[in-house]
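Here are a few exercises to work through with the viewer open. Try each task before you read its solution.

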Amino acid sequence: MADMANLTPLERFWSKVDKRGPEDCWEWTGGRNGQGYGVFYVANEKFYAHRWITAQAIGRPLRGPRDGHPAGTEDACHRCDNPPCCNPNHLYVGTRKRNAADAVERARLWQFKVTCCPQGHPYEGDNLYIKPSGARACRTCRKIKDQEAKARAKAARTHCRHGHPLSDDNLLLCKNGTRKCRTCDKARLEKIHSRPRLL
């Protein structure tokens with residue numbers, strides 16, 4: 001193999017690609033990021049391999065932050081849904097919106113592969129809640145969270161509903177952990193004992 005220093009960027013690029021048949025995926029054999037996309041350096045500048053080769057194919061850089069355009073103005077999109085693929089026949093120029101729509105249509109977003117919430121409750125039937133944003137939520141977890149919030153609010157109360165302070169000598173702690181107002185509890189017991197007894 002020729003000395004890598006003497007190769008053009010394009011020759012060096014293809015030396016890191018496993019070329020197969022024209023309709024097959026040509027996978028990047030060099031370094032990849034956490035999502036599996038190939039990483040390619042030209043003059044100490046980092047590029048995603050599929051974006052770089054798409055730019056070579058169309059004869060200009062993809063529009064984006066590097067040339068003063070907004071982020072995601074143009075994406076190199078995969079027809080094959082295979083992140084390390086660098087086959088120009090599998091790549092096309094699209095917008096970030098089009099790329100996201102493709103992901104939804106093909107159910108390839110990782111969220112679609114998740115069938116349960118982090119606590120293990122299923123995202124289905126009566127337990128599935130769709131937020132206004134379109135995100136999925138677990139009704140069981142929402143109920144638990146609401147109950148915990150109510151318990152915290154109750155524990156943070158400084159006075160009973162009749163305005164007596166829930167502190168010092170007026171605080172009565174029950175076996176189940178709840179707090180009661182001693183003044184109100186005393187009045188309740190007095191009311192019970194003052195009722196006339198039936199013979």
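Two strands pair if DSSP finds at least two bridges between them; strands (E, at least two residues) and helices (H or I, at least four) are DSSP runs, numbered from the N terminus. This is a predicted model, where local features need pLDDT of at least 70, side-chain atom pairs count only at pLDDT 80 or more, and totals for chains, interfaces and linings use all residues. Residues are numbered from 1 along each chain as its sequence is written, and side-chain values use heavy atoms, with hydrogens and water left out.

**Exercise 1.** Find the bridge partner of Phe-40 in β4, then look at the hairpin of β3 and β4.

*Solution.* Start with the pairing: β3 and β4 run antiparallel to each other, with 4 bridges. Next, go to Phe-40, whose partner in β4 is Phe-47. Finally, check the turn: the hairpin has 2 residues between its strands, and Ala-43 there has a positive phi near 50 degrees.

**Exercise 2.** Which residues of helix α2 are buried (under 20% relative accessible area with a 1.4 Å probe, protein chains only; exposed is over 50%, partly exposed in between), and what do they pack against?

*Solution.* Step along residues 49-58 and you'll pick out Ala-49, His-50, Trp-52, Ile-53, Thr-54 and Ala-55. These buried residues pack against α1 (9-14), β2 (27-28), β3 (39-42), β4 (45-48), β5 and β6. Just past the helix, Gly-59 has a positive phi of about 80 degrees.

**Exercise 3.** Which element gives the most residues to the largest nonpolar core? (A nonpolar core is a set of buried Ala, Val, Leu, Ile, Met, Phe, Trp, Tyr and Cys residues joined through side-chain atoms within 4.5 Å.)

*Solution.* The core has 12 residues, among them Phe-13, Trp-26, Phe-40, Trp-52 and Cys-86. β3 and α2 are the elements that give two or more residues to this core, and α2 comes out on top with 3. Now pick Cys-86: beyond four places in sequence, its contacts (heavy atoms within 4.5 Å) include Phe-13, Trp-28, His-50 and Leu-91.

**Exercise 4.** Is Asn-87 buried or exposed, and what does it touch?

*Solution.* First, place Asn-87 in the loop between β5 (75-78) and β6 (91-94). Its relative accessibility is 0%, so Asn-87 counts as buried. Leaving out residues up to four places away in sequence, Asn-87 touches Gly-21, Pro-22, Glu-23, Asp-24 and Trp-26. Last, zoom in on Pro-22: its backbone oxygen sits 2.9 Å from a polar atom of the Asn-87 side chain.

Conventions. A polar contact is a pair of N or O atoms within 3.5 Å; within protein, one must be able to donate a hydrogen and the other to accept it, and residues adjacent in sequence count only if both atoms are side-chain atoms.
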